Amino acid sequence: MPVCARCQSDSIAWVEASDDPEIYSYTIIHQANHEALADVTPYNAAIVIFPATQSVRLVSNIIDCAPDDLAIGMQLSLVWEEVRPDFIVPRFRPSRDART
Amino acid sequence: MKADTPMIVGIGQSEYTKWNDPAHDSELGLACTAIMAAAADAGIDVTHIDGITSFGEDANEPPLIQAALGIEELRMSAMLWSGGGGGSCGAVDLAAMAVKSGQAHYVVAMRSLAQGHAGRFGQYDPNWRHASFIHPFGLFAAPQLLALAVRRHMHEYGTTAEQMGAFAIACRTHAQRNPAAIMRSRPMDMASYLASRMIADPFRLFDCCLETNGACAVIVTSWERARDLPGVAVPILSSVHGSSDGWSSGPLGSFNMPLESFASVGAAQLSEALYGKAGLSPSDIDVAQIYDNFTGVAMMAMEDFGLCERGGSGPFCASGAIAWPNGEIPVNTHGGNLSEAYAHGLNHVVEGVRQMRGTSTCQVENAALCLVTGGPGPAPTSALILGRA
């Protein structure tokens with residue numbers, strides 16, 4: 001299947017992302033609509049953007065951050081979180097020098 | 001008006017009830033009720049309907065409807081692809097194409113929803129598109145997904161909760177005059193809007209559309225056939241459906257839309273095509289029915305379709321511009337998906353027809369042109385311009 005919408009190429013290669021993830025947008029979800037989320041609600045979900053890597057975006061969660069401190073443009077650090085031994089997801093926390 | 005202008009000659013709807021009302025009819029039953037009402041309104045025998053269109057993965061297949069209603073010959077059936085209300089005006093567009101081409105004579109565009117029977121929207125579904133990329137992070141439902149676009153709009157343009165409240169209050173206020181509206185007898189002021197519980201910040205409960213059992217139907221025929229019918233026919237001056245470059249299903253999961261139009265509904269190209277086909281401009285529009293899944297998203301659609309400037313929908317709504325009867329362009333004069341019913345936006349088409357017939361419960365005086373838009377977010381989305389009967 002083509003992976004490039006410009007040239008329809010199916011050739012892919014791993015590229016190391018730039019170390020500049022930041023919050024592009026976020027929401028704080030107050031109504032859990034899955035039982036697995038009941039204990040963590042309210043929780044946030046964010047679009048994380050890597051500006052220097054062709055503005056690639058990921059949906060993720062921001063950890064170690066109070067809801068009121070979330071802000072568009074907040075700079076982030078990647079955290080690999082092991083949900084289960086066979087299930088690891090990328091999450092983000094405010095980077096140490098985060099501007100808010 | 002050109003002699004090949006497709007005409008809406010009949011509108012119909014079922015009773016609207018809350019999604020979990022235990023007494024409601026099946027989706028198929030609701031669909032038949034709406035279609036029979038539309039045929040009666042048009043003054044045609046329901047068995048003479050020969051085309052059926054729908055959208056939003058409607059489960060009520062045309063052959064079942066044919067059997068239930070005794071339709072003599074089905075000459076065309078088509079469903080617009082789209083996972084949500086994006087296709088509401090597109091189903092009418094398909095019907096218009098069918099009568100223009102001569103493929104069928106009386107085409108009904110319909111939508112029926114009964115989530116109590118068919119399953120509630122917005123639940124965890126591992127087969128949903130983009131599921132692997134969003135479900136692990138707790139994103140499932142439309143308000144959660146579209147909150148991300150609206151938060152961005154607030155950031156870029158300074159849109160506020162009170163401005164979104166102005167949109168919700170306008171819809172609720174209009175619904176007070178509509179006997180069919182679910183939110184009739186429940187007026188709302190800014191304090192009660194702001195006090196409603198948070199669902200997915202920035203969306204409160206009253207930023208979100210209703211969940212409704214109900215069905216709508218509109219019958220489209222040719223200008224020539226419409227002349228021979230007893231009812232009041234409304235011309236479809238322009239109808240379009242489509243998806244802009246790079247948009248696709250972006251707001252419902254990939255979020256890979258172009259950054260320069262991220263805080264929009266991606267309908268700028270579609271809007272240009274819509275007005276261009278009719279030789280009209282946004283300033284010609286007298287009244288608009290804007291698909292309102294969520295306040296802030298409908299407001300971005302108002303910008304894409306030129307009712308106000310880019311980024312300006314917040315101040316525009318707060319100024320009273322969308323409120324009947326004194327606003328410069330009343331929006332959702334039936335109450336919209338927020339306060340009339342969630343008939344996936346086909347109720348907006350029905351209300352557009354009422355405005356052009358002069359029979360709305362919030363009738364805009366001397367209204368000659370009505371804009372109707374389909375669901376923003378899912379692609380393809382769609383839109384219509386209706387003319388005075």
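Here are some questions and answers about how chain A and chain B meet in this predicted model.

Reader: Happy to dig in! How many residues of chain A are in contact with chain B, and which three lose the most area?
Author: The two chains bury about 2,400 Å² between them, with 58% of it on carbon and sulfur atoms. On the other side of the contact, chain B contributes 30 residues, and chain A contributes 28. Three residues of chain A together account for 26% of what that side buries, and they are Y24(A), R57(A) and V59(A).

Reader: Which residues form the salt bridge between the chains?
Author: There are 12 residue pairs in polar contact between chain A and chain B, both residues at pLDDT 80 or more. The count of salt bridges between the two chains is 1. Its N to O distance is 4.0 Å, and the side chains that meet are those of R6(A) and D245(B).

Reader: Which elements of chain A give two or more residues to the side that touches chain B?
Author: By residue class, that side of chain A divides into 15 nonpolar, 10 polar and 3 charged. The elements giving two or more residues to it are β1 (22-29), β2 (43-50), β3 (56-60) and β5 (87-94) of chain A.

Reader: What is the strand order of the open sheet of 5 strands?
Author: Within chain A, β2(A) and β3(A) pair in the antiparallel sense over 5 bridges, and I47(A) has V59(A) as its bridge partner. Across the chains, 2 bridges join β1(A) to β6 (residues 198-201) of chain B, again antiparallel, and I28(A) is partnered there by D201(B). Put together, the order is β3(A)-β2(A)-β1(A)-β6(B)-β7(B).

Reader: Nice, so which strands stand at the edges?
Author: An edge strand here has a single partner strand, so one side of it is left without a neighbour in the sheet. The two strands in that position are β3 of chain A and β7 (203-204) of chain B.

Reader: And which helix packs on the sheet?
Author: This helix belongs to chain B and touches β1 and β2 of chain A together with β6 and β7 of chain B. Its direction makes about 125° with that of β1(A). The helix is α6 (residues 142-157) of chain B.

Reader: Why does the salt bridge of E81(A) with R91(A) tie together parts apart in sequence?
Author: The count over all chains is 14 salt bridges. In this one, the closest N and O atoms are 2.7 Å apart. E81(A) lies in strand β4 (residues 76-84) of chain A and R91(A) in β5 of chain A, so the pair ties together parts whose separation in sequence is 10 residues.

How values were computed. Residues are numbered from 1 along each chain as its sequence is written. Chains are lettered from A and ligands numbered from 1 in the order in which they are written. This is a predicted model: local features need pLDDT of at least 70, side-chain atom pairs count only at pLDDT 80 or more; totals for chains, interfaces and linings use all residues. Side-chain values use heavy atoms; hydrogens and water are left out. Contact means heavy atoms within 4.5 Å. Buried area is the accessible area (1.4 Å probe) that two parts lose on being put together, summed over both. A polar contact is a pair of N or O atoms within 3.5 Å; within protein, one must be able to donate a hydrogen and the other to accept it, and residues adjacent in sequence count only if both atoms are side-chain atoms. Helices (H or I, at least four residues) and strands (E, at least two) are DSSP runs, numbered from the N terminus. Ala, Val, Leu, Ile, Met, Phe, Trp, Tyr, Cys and Pro count as nonpolar, Asp, Glu, Lys and Arg as charged, and the others, Gly among them, as polar. Two strands pair if DSSP finds at least two bridges between them. Axes are lines fitted to C-alpha atoms, for helices over the stretch in contact, and angles run from 0 to 180 degrees between N-to-C directions.
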